[in-house]
Amino acid sequence: MPTLPTLAAGCILASLVLYALTGGADFGGGVWGLLNHGPRAEARKRLIDHAIGPVWETNHIWVIVAVVVLFTAFPKVFAVLSTALFVPLTLILAGIILRGSAFAFQTHRLHEEDGTDWWGGVFAGASLVTPFLLGVVLGAVSTGAVRGEGLSSVAGGTDAWLAPFPLSVGGMTLSSCAYLAAVYLILETDDPELKEDFRRRALGALVLVSLLSAAIPFLSPGGAPEFHRALTGSWWSVPLMGANALAALGSAVSLAVRAYPLARACAASQVTLLLAGWGMAQHPYLVRPGLPISSSAASPEMLRLLLIILAAGGVLLFPAIYLLFRVFKKKALFGR
Amino acid sequence: MTELVLARAQMAMLFAFHILFAVAGIGMPVLMVIAEGAHLRTGKPVYAELARRWGRGTAVLFAVGAVSGTVLSFELGLLWPRFMEFAGGVIGLPFALEGFAFFTEAIFLGIYVYGWEKVSPRLHLAAGCLVALGGILSGVFVVSANAWMNSPAGFTLIAGRPANVSPLAVMANPAWKTETIHMTLAAFAASGFAVAGIHAFRLLREPRNGFHRVALGIALSVGGVAAVLQPISGDLSARFVARNQPVKLAAMEGQFPTQRGAPLRIGGLPDAAEETTRYALEIPRGLSLLAFHDADAEVVGLSAFPRDERPNPVPVHLAFQVMVACGIALAAVGAAGAILGWKRRERLFSRPFLCAVVACGPLGLLAVEAGWVVTELGRQPWVIHKVMRTSDAVTPVGGLALPFAFFTLIYLVLGVFAARLLRKELGASPFFPAGEGDSPTAPGEV
């Protein structure tokens, strides 16, 4: 039976996985809006906006859940990370607020008045920067450079995040978002040409994600040594990497033969496995090496109540989310 | 400026921006649900048009409110890491519950705004009701966390750290009831009057347009009821503060000496150095009467507290005067609306009354901002009343002028564009003939 702090840490990881699978794809949609050239550009833009519109705010809330569980269950970790990663987190916030507002503004067609799609540009740019920096933050947590001795000692440092390893995790996060979005978008349309457009994009992004996930184990011995040892030297290392490679292969094959629902399942598994691998290699620490899960948690009463609320909230919430997706993603998700 | 002042200025700016959208996220859904309910009951198309337009307005305001709220949840840690290190494990419960309320609001707003043609009318109305419920509950949960900062409870302090945390007692802290009631009513009054003001403004130009008449009726009913109830809640809040945070009450009222039968000061400028409040209109024994319901009760003044435990009375007193003045104006106009419209609805659309409603449009939002100045500056120098000083909570990260300037710039741009968009959305004027908009004809833009 896992301990209460481990369960709470698991909830943070689960929220991050759900955020990546849903909100991540919304970021990816923005990325494809930015790289939108050639024929059918207008139709692709419309498809992306149509796919994101009704669900992005719900998807966005997973990151709030992750943050709230983090500061409730592990207040010290929240304080240390907020201090050590002040700069990337501040930029992420700017990205989040600009992206959300820009999407609301462009959806309600503010740009028609002055003729320029200024907010579309802001939305796309923020969709690029935000997931990249979110990945950088995840990478920085693993480097071992964020230490938990005292807040003043970590303030204002840049070496935790401005380094090859976190930057490459950022790159992989960004390309994973684009990859998920492309695969999802194939199933959002009936237009065979648009399907082909996003199939090509999905294959391209898959190559990028695979290259980066192959490159990261070469960067991590120097950039995140303890994380590297856990990632490559645990009993689960080989099965995890095998499963990941299998999912990547499955995705590539099913994209090649146009078996799109299977491709989507493989792509989602890939992203889930990447994050699960990150979480398992972090275990038993939240932040390596100074902040272990067990000793940086809040009181057991608080943890127990928090977990009960998360479970009860989930029972109410998941049917509602199901309804939302049932209404707006009927064909894409349920086939009819 | 010191880093502490910069951190406080940035937090205040982020908060002052967010609260406008948060208030709309509480009040607007109720307006749109009332309009849709009226449509389902009467079948009149004017109500459907109104619900759609208010729904779109809500969507934009909620989107900006959602992301600016996300910014605040991170900034708690970025600007006040020592506060969160101390309090995160104590006040987590209301924040976790708020997360779920917020989820509810987002999910069903998606269904509401994008689902007009996709779900049955009943499910659509139910979705709207859940948006409204989610909005109200989000506000209540977040404000109870703030109430805990004013009246910390549910833990014991051992060696400077919280211990024996009882999360339910934290949430049910002494201030939570008065503060959440006051804020929820304020949200309804502010958004109701802001919307009513916009439609009253249009009615001055097109007095026969049934669309704006119907809109004004709904918005004014919601805003007016809340505004008329608010003085009762204000009285409860003030008496609570008098008992639990006497130094805050003294700052609000500009009361320096401790005295029996203390006067109520209207206006005036506190002078902290001379320990006196000048130029105020004083109503003898008024403060004792209001704060304790006893004209001879003793009111503890600012001078009774050490100087380093007093808030700056100048902004607190002035903001309090602004809040009360706005609140009285709204309550008066709300009551006048009830009396005028009681017998004949037509009288609501007379020019003098419409002008009064237009003038009241911004006052509710102004009162909300002023009220937060009172409660936050009035709690200083503490971030958690008598437990942690704000200066001990601030981040050790330097150079805070940069993020302050950065976010101010972003929020200025967003504010300008949000205002432009709302003017377009709420100010648009589909024409329905007067007579409560009971015409079956399709709307046409004018």
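**Exercise 1. Identify the residues with the most contacts inside the largest nonpolar core of this predicted model, and the helix that gives the most to this core.**

Solution. A nonpolar core is here a set of buried Ala, Val, Leu, Ile, Met, Phe, Trp, Tyr and Cys residues joined through side-chain atoms within 4.5 Å, where buried means under 20% relative accessible area, exposed over 50% and partly exposed in between, with a 1.4 Å probe and protein chains only. The largest such core has 237 residues, and those with the most contacts inside it are A:Phe74, A:Leu85, B:Trp54, B:Phe83 and B:Trp148. Helix 2 of chain B (residues 45-79) gives the most to this core, with 19 residues; helices are DSSP runs of H or I with at least four residues, numbered from the N terminus. Apart from this core lies another, of 23 residues, including B:Ala242 and B:Leu302.

As for conventions, this is a predicted model in which local features need pLDDT of at least 70 and side-chain atom pairs count only at pLDDT 80 or more, whereas totals for chains, interfaces and linings use all residues. Residues are numbered from 1 along each chain as its sequence is written, chains are lettered from A and ligands numbered from 1 in the order in which they are written, and side-chain values use heavy atoms, with hydrogens and water left out.

**Exercise 2. Describe the interface of chain A and chain B.**

Solution. Begin with contact, meaning heavy atoms within 4.5 Å: 62 residues of chain A are in contact with 62 residues of chain B. Turn next to buried area, the accessible area (1.4 Å probe) that two parts lose on being put together, summed over both; the two chains bury about 5,700 Å² between them, 82% of it on carbon and sulfur atoms. Finally, count salt bridges, each a side-chain nitrogen of Lys or Arg within 4 Å of a carboxyl oxygen of Asp or Glu; the count between chain A and chain B is 0. Helix 14 of chain A gives the most to the side of chain A that touches chain B, with 15 residues.

**Exercise 3. Is B:Val357 buried or exposed, and with which residues is it in contact?**

Solution. B:Val357 lies in helix 12 of chain B, residues 351-360, and counts as buried because its relative accessibility is 0%. Leaving aside neighbours within four places in sequence, B:Val357 is in contact with B:Ala196, B:Gly197, B:Ala200, B:Leu216, B:Leu220 and B:Val333.

Terms used
Helices (H or I, at least four residues) and strands (E, at least two) are DSSP runs, numbered from the N terminus.
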